[in-house]
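Please find below a colleague's note for a reader who is new to this structure. The points are numbered and can be taken in order.

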Amino acid sequence: MKYLPLLLLALIWEGVVQLGLISRDVLPSLSDVASAGWKLAREGDFWDNGLASLWRGSAGLALAIVIGAVVGILMAWWRGVEAFMGPLVEALYPMPKSALIPVTALWLGFGDGSKILLIFLGCMLPVTLAAYNGARSCEQQLVWSARSLGASRLRVLIDVVLPSALPELLNGIRSALALSFVLLVSSELIVARKGLGYLIGFLGEGGLYDAMFAVVLVVAFLGFFADRIYQAFADRVLAWRD
Amino acid sequence: MISVEHVSHTYRPARGRDVLALDDISLSIAPREFVALLGPSGCGKSTLLYLIGGFLPVEKGAIKVEGAPVAAPGPDRGIVFQHFALFPWKTVKDNVRYGLQKQRLPRDEQERRAQQYIDMVGLKGFEESYPSHLSGGMKQRAALARTLAVEPKMLLMDEPFGALDAQTRSLMQAELLAIWQRTQKTVIFVTHDVHEAVLLAQRVVVMSARPGKVKALVDVKLDKADPHLVRSPAFGEKVDEIWHLVRDEAIKAL
């Protein structure tokens, strides 16, 4: 029910093209896109490219989450780490991450490595900042309680600081998730021989606009789907709030 | 036995001038004694408690617990805070079990002991609740159970009932007295409430406004088991006596 406007949009799309209000050269009809998509799905190419993108995206994002969270929490906990990493994070955070596309391609070529590195570098900072801010908001008295109940200083980091940081950290990971899609598709459009972004570019250049639109829709749907699953996961993890 | 010897403490805020919070405090507390630290807000009574707890470093003077200088927090000194400081992501049961896990007790012993203390503070039926679903009084019961479960020799209490409504507070005071009489722990209880101090403590340490010094030590020789204690003349006189000592300090702290 909530997604009724989407259905409406689909109907309008189909309608304006069928009525000839918009030329099929600019916007193919939704039914043509659907059938082109169906044809694409039955050929192996689509799945090869999809799996390549999935692997790059999840590997880069996983690295960004793990390393970003560890760095952020250590920054909040030890002044030395903060003094060293703080200015770096601050300076690099506003940089447009897509500017790294040619750089990572230069280092690691056209394959998976350059995409994974790009997504890792681009997504790490939002996670780091979120973990840092979350860990800093950890209440002193929670730390003291854990210490007086027998937890070591290091143990407190895992038992108290990490869960305290979790609400903010999970928000940061959500931004990183969205950013990973942007970086993945744009890098594949520019420098790749595989992947959904590459497929979009390839089909577009070949004039196969029905199929191109189909892949664009698939990417949009994947992004939406990933975000919904992630939100459901985050809500479960944070069930203790409210 | 806790001994505080010539302890001074300075707060050094990141911005602004240093503040002398405690000035040459000396105090000794016997085993099983119930002592109240009483004074106006900002007199450093909580700071003194945190120093004894090992949460803040002792910079000047010495604090010894059973002869050994305090270096770090430890499970021999349980703490209860005004705002409970329960782990919000853990259920009541898991909060209470936390200290037992740190002691590496066997799992069934953890369960047994956690349940014992949850029952003791009257939270049976709320084992699986998260703190956000509990009332203030229930949160403080849960926090008390968590602290008592590790069976500390000393209880450090930082205005533990200050955030509770009057009825709940008075019930919790009675429960604390019962627990103290049963378990024979040493209790150091920070409060700014004269009535509460006289009701609970055997000895009241009256502290002066900033910088905190020991202004007076007052013995409270009243029968804590007497259910009519608060209506007895002796109780009223004790409250008056201490209130006179605190009044000037409270005015200075305004």
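1. Over the ring of which residue does the charged end of A:Lys97 sit? The ring is that of A:Tyr93, with the charged end 5.4 Å from its centre; a charge counts as over a ring if NZ of Lys or CZ of Arg is within 6 Å of the ring centre and within 35 degrees of the ring normal. In chain B, B:Arg146 lies over the face of B:Phe87, at 4.7 Å from the ring centre.

2. This is a predicted model, in which local features need pLDDT of at least 70 and side-chain atom pairs count only at pLDDT 80 or more, whereas totals for chains, interfaces and linings use all residues. Residues are numbered from 1 along each chain as its sequence is written, chains are lettered from A and ligands numbered from 1 in the order in which they are written, and side-chain values use heavy atoms, leaving out hydrogens and water.

3. A:Trp144, B:Tyr50, B:Phe55 and B:Phe81 make up one aromatic cluster. Both B:Tyr50 and B:Phe55 are buried, that is, under 20% relative accessible area (exposed is over 50%, partly exposed in between; 1.4 Å probe, protein chains only). B:Arg15, by contrast, counts as exposed because its relative accessibility is 76%.

4. Between chain B and chain A, 25 residues of the former are in contact with 18 of the latter, contact meaning heavy atoms within 4.5 Å. The rule finds 1 salt bridge across this interface, and B:Lys102 forms a salt bridge with A:Asp159, their closest N and O atoms being 2.8 Å apart (a side-chain nitrogen of Lys or Arg within 4 Å of a carboxyl oxygen of Asp or Glu).

Definitions and conventions: Rings of Phe, Tyr and Trp (its six-membered ring) pair if their centres lie within 6.5 Å; planes under 30 degrees apart count as stacked, over 60 as edge-to-face and the rest as tilted.
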